[in-house]
Amino acid sequence: MFSDDLKKMARPILEEIYHHPFVTGIAKGQVAKKALIFYVEQDYRYLTEFIKIYANAIIKLDSRQDMAFFSDAINFILNNESFPHQVFCQIADVDYKKLQHADPAPKAYLYKSHMHQAVDTGSLLTVLAAFQPCPWTYTEIAKKQISEGANNQRNPFTPWINFYGESSDDGNEPLANQIFLWMDRLAARSSDKEKNQARDFFLKSCELEWQFWEEAYYQQDWRFKKSHSTASGDFIKWSNSNIQKF
Ligand SMILES: Cc1ncc(CN)c(N)n1
């Protein structure tokens, strides 16, 4: 099956995600506040962008059933996925509202551009392949952490772990599995070229998931961030005050 190949190829990346210090920190109940804050700032922007990307994907569809899938995904972000952010904010002792205005840092910027590119240039198979590491890697992280007993009463991240692990024990097929099955049906009638493109987007999204944890853990922002802000409103303020000096 196409999805089995994808999972096999992504295995080394998933292993590195499992062992990333941010992710093991969640299991141990110990992540630095500054990493949590950076993550929530970036993820708030990333998920907001995801809503727009899902909406763009709907334009490519004909069947209402397929449209409902993306519409449910938008609803999930809007109505449910603030909860794991709130968990991080509570642990970091920071107001969630204050974290909703950051600019995307380099890897988050790359990830959103990658997703837009999938929708702009790819088939539905490619679009799903690019999306899939988002639910899949989080479900796998949560499943592993639950199986190791990380969601215990002492761990302040337990609600976060249970949130992403829940879909795997509610009796329904977990979302990530539903997407893999859908991708297998599409792959069966796709050309090799389309399948190669989908594979490439899938593996790059898996790597970008790892990069997202890494970026937050070490707060890797734009190196010349100050000069970027002068390119927007700040530049006008700066240039006006300097013009007055001359
Ligand atoms: C970067 C990222 N990837 C995945 C998820 C889980 N939907 C998330 N919130 N953020």
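Modeller: Before we start: Tyr and Cys count as nonpolar here, just like Leu and Phe, while Asp and Glu count as charged. And keep in mind that this is a predicted model.

Biologist: Okay, what makes the shell around the ligand 7 nonpolar, no polar and 3 charged residues?

Modeller: Look at who's in it: Tyr39, Tyr46, Leu47, Cys134, Tyr138, Tyr164 and Phe212, plus Asp43, Glu81 and Glu209. Tyr, Leu, Cys and Phe go in the nonpolar class, and Asp and Glu in the charged one, so the shell has 7 nonpolar and 3 charged residues.

Biologist: Which helix gives the largest share of that shell?

Modeller: That's α3, with 4 residues. Helices α8 (133-147) and α11 (192-217) supply at least two each.

Biologist: How do you know that aspartate 43 makes a polar contact with the ligand?

Modeller: A nitrogen atom of the ligand sits 2.7 Å from an N or O atom in the aspartate 43 side chain. The cut-off is 3.5 Å, so that pair counts. Glutamate 81 passes too, because its distance is 2.6 Å. For tyrosine 138 it's 3.3 Å, so that one also qualifies. On top of that, the protein covers 97% of the 290 Å² of accessible area that the ligand has on its own.

Biologist: And which residues touch the most other members of the largest nonpolar core?

Modeller: Phe22, Phe70, Phe131, Trp160 and Trp213, out of 73 residues. Helix α3 (residues 33-58) gives the largest share of this core, 12 residues.

Biologist: What does phenylalanine 22 touch?

Modeller: Leaving out residues up to four places away in sequence, its contacts include Tyr39, Phe88 and Trp213.

Methods
Residues are numbered from 1 along each chain as its sequence is written. This is a predicted model: local features need pLDDT of at least 70, side-chain atom pairs count only at pLDDT 80 or more; totals for chains, interfaces and linings use all residues. Side-chain values use heavy atoms; hydrogens and water are left out. A nonpolar core is a set of buried Ala, Val, Leu, Ile, Met, Phe, Trp, Tyr and Cys residues joined through side-chain atoms within 4.5 Å. Buried means under 20% relative accessible area, exposed over 50%, partly exposed in between (1.4 Å probe, protein chains only). Contact means heavy atoms within 4.5 Å. A residue is near a molecule or strand if one of its heavy atoms lies within 4 Å of it. A polar contact is a pair of N or O atoms within 3.5 Å; within protein, one must be able to donate a hydrogen and the other to accept it, and residues adjacent in sequence count only if both atoms are side-chain atoms. Accessible areas come from the Shrake-Rupley method with a 1.4 Å probe; for residues, only the protein chains shown count as cover.
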